[in-house]
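This briefing introduces selected features of one protein model. Please examine the sequence and the structure before reading on.

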Amino acid sequence: MTTTIPKTYKAVSCPGAGKGWETVTVPVRDPKPTELFLKVLASGICNSDHFVLDGAWPGITYPRITGHEVVARVVALGAAVDRAGRYKIGDVIGIGWNGGYCGVCRFCRKGDFEACVEQPVTGFSHDGGHGEYMYAPQNAIVALPEDATKNSSYAELAPLLCAGFTVYDAVRTTPHKPGDICLVQGIGGLGHLAIQYAAKIGLKVYAVSSGPAKEALAKSLGAYEYIDSKQTDVVEYIQSLGGAKAIICTAPSAKHISAIIPAASRYGVVTLVSAAVDGNVEVFNPFMNMRRATLRGWACGAAHDAEDCMRFSTMANIKAMVREFKLEEFNEAYEDMAAGKPQFRNVIVFPE
Ligand SMILES: [Zn+2]
Ligand SMILES: [Zn+2]
């Protein structure tokens, strides 16, 4: 276990929009008063890293180190960080998409930290975890259960802090009763986690993908039934069962999402957690009216909600399926992710 403070560290940084990734040496500074200095143990590559690479994120500044699915060890505390026991040097903690909050805006004063007007994002507003070390504001720290690493590696935990948290929150905030039907559309980086959460939360999961290849995997993750959309009319079949109370749309295809929305039950809730890349989602308006169905979007919340996710994930033994890479292999790991190849999350791991 290393808690000594180095003078410099290596990281992978994006020097500017469209300029790719480069390995840089970053000088270590003292943490700001409310920051922690952290040794990164694992950092997941998320599809949304491309917003930095492409320059598509509003207000992004460069150079920028991305990485918002991070498991790290506390190395140093800023002067104003709570030393009353919440954070101790040597603790293993998590950092997710949410990069903290201001604490004084109208949303924060109502406790709606996720809606903070500043909305800092880890790896976008400030540097993230694709490096040997990083800094993080104390209100972005996600405490991990003591036994989080009993059955999971750091790499298996890291993607739960963005991909896992997003689908966990989407499922748990959908009104449901145990045994209600949950339709998970897509079995990829988000979908393989959505199946696990929905099943462990007590829903009857129907997992949808095209072709027979993912049937065994879907069932091993907890799906009650696998539906091959090439063989079965998904909407007709699910409606014959009474409709889905929850539909979690994880594949980034507006065409496929639009096609599956009419599988919703009366008062069913369709949640979009992926960002469609092929156009806009279309809805047949009278269907939604007559079924009193809801279509909504969802994204990561603040750190205290991520802690709920990590507690539940540990209790239910939910883990991401990952492939591990070293920092020197970052380009290969990123290209593999961008090409949609991973089964299912690529994670950069660092020696302890
Ligand atoms: Zn992410
Ligand atoms: Zn705020």
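The notes below cover the metal sites and one helix.

This is a predicted model, in which local features need pLDDT of at least 70, side-chain atom pairs count only at pLDDT 80 or more, and totals for chains, interfaces and linings use all residues. Residues are numbered from 1 along each chain as its sequence is written, chains are lettered from A and ligands numbered from 1 in written order, and side-chain values use heavy atoms, without hydrogens and water.

**Zinc ion (ligand 2)**
- Cys102, Cys105, Cys108 and Cys116 each supply an SG atom as protein donor, at 2.3 to 2.4 Å from the zinc ion (ligand 2); donors are N, O and S atoms within 2.8 Å of the metal (3.2 Å for Na, K and Ca).
- The site is tetrahedral, with angles of 104 to 118° among the 4 donor atoms; for four donors this term requires all angles to lie between 85 and 135 degrees.
- The ideal tetrahedral angle is 109.5 degrees.
- Both Cys105 and Cys116 are buried, meaning under 20% relative accessible area with a 1.4 Å probe, protein chains only.

**Zinc ion (ligand 1)**
- The protein donors here are Cys46 (SG), His68 (NE2) and Cys162 (SG), lying 2.0 to 2.3 Å from the zinc ion (ligand 1).
- Along the chain, these donors follow the spacing C-x21-H-x93-C.
- Cys46 and His68 are both buried.

**Helix H4**
- Helix H4 (residues 191-201) is largely enclosed by the rest of the structure, because 8 of its 11 residues are buried; helices are DSSP runs (H or I) of at least four residues, numbered from the N terminus.
- Among the buried residues of H4 are His192, Leu193 and Tyr197.
- Gly202, just after H4, takes a positive phi of about 110°.

Terms used: Buried < 20%, exposed > 50% of the residue type's maximum accessible area, 1.4 Å probe, protein only. Helix = DSSP H or I, 4+ residues; strand = E, 2+ residues; numbered from the N terminus. Tetrahedral: all angles 85-135°; square planar, octahedral: opposite > 155°, others 65-115°.
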